Amino acid sequence: MVSAGKVTTMKMIAVTVAVAAVLGLARLAYGDDVFPPTWRGGYRTVFAEWDSFIQDGTTIPPDSWSASPGGVSAPNAWLSGDAEYYEAYLGHSGVLSLHGAPSWPQGSIETLFENHDLGGTSVDVRIQVTYLPPVYGEFYFSFNVQGPDWAHAYGTSPGPSPIATTMPDSNGWVTSVYEFHDISEGHGLPLSETIALRQYSGTGFVDQLVIDTRVVPEPGTCSLLALGGLALLRRRRGASS
Ligand SMILES: [Ca+2]
């Protein structure tokens, strides 16, 4: 016969195991590339991820990156303004501390993404950032889109709303996802864009940064391809009859 005390102990063990499993899953999800875009790896896309933030001189090379079909440079990052590097902070390794107002210039991490010049009009961007939200203050995302004969700054203040945010882990770290469409705003395909993550005010900590870009083809290109396919189909049908 099992005593009531033993049942309680077994229940407690079961609950502990369940809680550990949930925490384990949360740890796996936390800080990861949790919301990759469905179009990553597709034609005219660039992907880069920073986690260690180890500087090579003044640049911070990505821990991993890829471009399809290739022919673009590795997106590098760099720090500007009031920013510091921590080997570890609140259980995470390779952390940036960005100081916003009243610090000046505000601490930021900036990246430069080249675009595939293969016929397209605009660029889509997805940013995933794992960070410790400041008790006071906010992030400020800014873009500087550069074309051959124009320069256009696309800024957001006090910052766009994320399309998704994970639950905070035990130390309060979260991952937020931001998405931007046609950042060229009708100016045509830019050669590159500077994507900056700036601490607007207060102090924030960044643990990981994942950025995906995609050159969106002109609507006309799709229609022409579809028409071309249709013409080919008709020609084949004509030949076979
Ligand atoms: Ca890190």
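**Exercise 1.** In this predicted model, determine which residue in the hairpin of β4 and β5 takes a positive phi.

*Solution.* The hairpin of β4 and β5 has two residues between the strands. L90 takes a positive phi near 45 degrees there. Next, consider the pairing itself: β4, residues 83-89, runs antiparallel to β5 over six bridges. Within this pairing, A83 stands opposite L98 of β5.

**Exercise 2.** Identify the bridge partner of H99 in β13.

*Solution.* Strand β13 spans residues 203-216 and pairs with β5 in the antiparallel sense over four bridges. In β13, T203 is the bridge partner of H99.

**Exercise 3.** Establish whether Q106 is buried or exposed, and list its contacts beyond four places in sequence.

*Solution.* First, locate the residue: Q106 lies in the loop between β5 (92-99) and β6 (108-114). Second, apply the cut-off: a residue counts as buried if 20 or more other C-beta atoms lie within 10 Å of its own. Q106 is therefore buried, because 21 other C-beta atoms lie within 10 Å. Third, list the contacts: beyond its neighbours within four places in sequence, Q106 touches G81, D82, G100, A101, R198, Q199 and Y200. Of this list, Y200 is 94 residues from Q106 in sequence, yet their C-alpha atoms are 6.6 Å apart.

**Exercise 4.** State the mean pLDDT of the protein and what the model shows over residues 15-31.

*Solution.* The mean pLDDT is 80, and 72% of the residues reach 70 or more. Over residues 15-31, pLDDT stays under 50, and the model has 12 contacts beyond four places in sequence for this segment.

Note on methods
Residues are numbered from 1 along each chain as its sequence is written. This is a predicted model: local features need pLDDT of at least 70, side-chain atom pairs count only at pLDDT 80 or more; totals for chains, interfaces and linings use all residues. A residue is buried if 20 or more other C-beta atoms lie within 10 Å of its own, exposed if 12 or fewer, and partly exposed in between; C-beta atoms are placed from the backbone. Two residues are in contact if their C-beta atoms, placed from the backbone, lie within 7 Å. pLDDT is the predictor's confidence in each residue, from 0 to 100. Two strands pair if DSSP finds at least two bridges between them.
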